[in-house]
Amino acid sequence: MADIPTDAPEHCPGTTSEQAGKSSACQGCPNQTICASGATKAPDPAIEEIKLKMATVKHKILVLSGKGGVGKSTFSAHLAHALSSGDSKEVALLDIDICGPSIPRIVGLEGEQVRQHTSQHSYVEDNLAVMSIGFLLGSPDDAVIWRGPKKNGMIKQFLRDVDWGELDYLVVDTPPGTSDEHLSVVQYLSGAGIDGAVIITTPQEVSLQDVRKEIRFCQKVKLPVIGVVENMSGFVCPKCKNTSQIFPPTTGGAQRMCEELGLTLLGKVPLDPRIGRSCDEGKSFLNEVPDSPAAAAYQTIVQSKTTLSRVQSSEHCI
């Protein structure tokens, strides 16, 4: 693992954590009683610093999923590609999946390096910037074995210390679940404002169960949900054009879930083996196979998302 500097403590959960003064790491600390009382839970000054840094970023979008393996990083990368193409929008893609940074490989930047303690990031194209902990590792096979506080410190550095410049969109790819990374990015961007979250699922109920937990997370932290994308939604045969349900929506899929919860279904992206191949090769599927049903689905989703992102958060907050 690379020795990546961070200002987060090694074991302390932090004074703003719900575990402050209560975790096993707090035993014997002279401040344990004060932390447990809540007296030290003052706002993190980084929130205001990040607010100032993000003042030049118009739209901030999180991509979430409750379960791994649903194509969230693939969607994040292609969402960034789609937003940055055609109309000269300035876009950045931030990978905060600290333990599983796959974005560098997906966008064709594996092996790129950025200097620590600088504002430098990497570019896929002139108007598409990317930042990931993967750029700070000595090898793509290096494991990042960190506790929550160090992850939080790294996310803080990404948001506060990287010179993002003037952006139309910042797309944030997150790991699966509702844990440290999610709480950190929502907290640190709370002052800057987040347009909302795009939630990725697949049609089967085992995925939808975890997605409902993700939606509940958004409700608890008051994070607006822009909409839901059903990924791997059928397979369209490139020859006969018939659709086969590889993962049958046994309980109605994302469409029924959205109807029940009052959310927007942004679109359904069909399975296409060429998407996986383009990710392995670090290429944009939208450029490689622009006339495919999956590429058309991406464009429809982007158009819906672009419209919704202009709506004030209070109007689409769940």
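Visitor: Let's start with the strand pairing. Which residue stands opposite Val130 in strand 4?

Guide: That would be Leu93. A word of caution before we go on: this is a predicted model. Leu93 belongs to the pairing between strand 2, residues 91–95, and strand 4. The two strands run parallel and are joined by 5 bridges.

Visitor: And how does strand 3 run relative to strand 4, parallel or antiparallel?

Guide: Antiparallel, with 3 bridges joining strand 3 (residues 122–125) to strand 4. You can follow the register residue by residue: Glu125 stands opposite Leu128, and Tyr123 has Ala129 as its bridge partner.

Visitor: How many residues sit between strand 3 and strand 4 in their hairpin?

Guide: Just 2. Put that together with the other pairing, and strand 4 has strand 2 as a parallel partner and strand 3 as an antiparallel one.

Visitor: Why do you call strand 4 largely enclosed by the rest of the structure?

Guide: Go by relative accessible area, where buried means under 20%. Strand 4 covers residues 128–132, and 5 of its 5 residues are buried, so the rest of the structure largely encloses it. Now check the faces: Leu128, Val130 and Ser132 lie on one side, Ala129 and Met131 on the other, and all of them are buried.

Visitor: What about the loop that follows? Is Val144 buried or exposed?

Guide: Buried, with a relative accessible area of 8%. Val144 lies in the loop between strand 4 and helix 5, which spans 148–161. Try a C-alpha distance there too: Val144 and Pro101 are 9.7 Å apart in space and 43 residues apart in sequence.

Visitor: Let's zoom out. What share of the protein's residues is buried?

Guide: Of the 318 residues, 50% are buried. The protein has 12 helices and 9 strands. Its exposed surface is about 14600 Å², with 49% of that supplied by carbon and sulfur atoms. For the contacts, take pairs at least 6 apart in sequence: 78% of those join residues at least 24 apart.

Visitor: On to pockets. How do I read one?

Guide: The general idea is simple: rolling a probe the size of a water molecule over the atoms shows where empty space is left. Here, take the second largest pocket, which holds about 370 Å³ of space. It is lined by 23 residues, and those closest to its centre are Val70, Gly71, Thr74, Asn231 and Met232.

Visitor: Which helix gives the most to the lining of the second largest pocket?

Guide: Helix 9, with 4 residues. The elements that each supply at least two lining residues are helix 3 (72–84), strand 7 (225–236), strand 9 (265–271) and helix 9 (273–280). Sorted by class, the lining has 11 nonpolar, 9 polar and 3 charged residues.

Visitor: Take Asn231 from that list. Which residues does Asn231 touch, not counting those up to four places away in sequence?

Guide: Val70, Gly71, Ile200, Thr201, Thr202, Pro203 and Val269. Asn231 itself is in strand 7, and at 8% relative accessibility it counts as buried.

Visitor: Ser207 is in helix 7. What is Ser207 in contact with, leaving aside neighbours within four places in sequence?

Guide: Lys67, Val70, Thr201 and Thr202. Notice that Val70, Thr201 and Thr202 are also touched by Asn231. Ser207 is buried as well, with a relative accessible area of 1%.

Visitor: Last topic, the backbone. What should I look for in phi?

Guide: Most residues other than glycine have a negative phi. That makes a positive value worth a look. In this model, Met232 has a phi near 55°, and Lys222 has one near 60°.

Visitor: Where is Lys222 found, and is it buried or exposed?

Guide: Lys222 is in the loop between helix 7 (205–220) and strand 7. Exposed means over 50% relative accessible area, and Lys222 counts as exposed at 66% relative accessibility.

Visitor: And where is Met232 found?

Guide: In strand 7. With a relative accessible area of 19%, Met232 is buried, under the 20% cut-off. You have also met Met232 among the residues closest to the centre of the second largest pocket.

Terms used:
Residues numbered from 1 in each chain as written. Predicted model: local features only at pLDDT ≥ 70, side-chain atom pairs only at ≥ 80, totals over all residues. Heavy atoms only, no water. Buried < 20%, exposed > 50% of the residue type's maximum accessible area, 1.4 Å probe, protein only. Contact = heavy atoms within 4.5 Å. Areas by Shrake-Rupley, 256 points an atom, 1.4 Å probe, with all protein chains shown as cover. Pairing = 2+ DSSP bridges. 1 Å grid on protein atoms, 1.4 Å probe; cavity = no way out; pocket = protein on both sides within 12 Å on 5 of 7 lines; lining within 4 Å. Points joined across faces, edges and corners; volume = space filled by probe spheres on them. Nonpolar A, V, L, I, M, F, W, Y, C, P; charged D, E, K, R; others polar.
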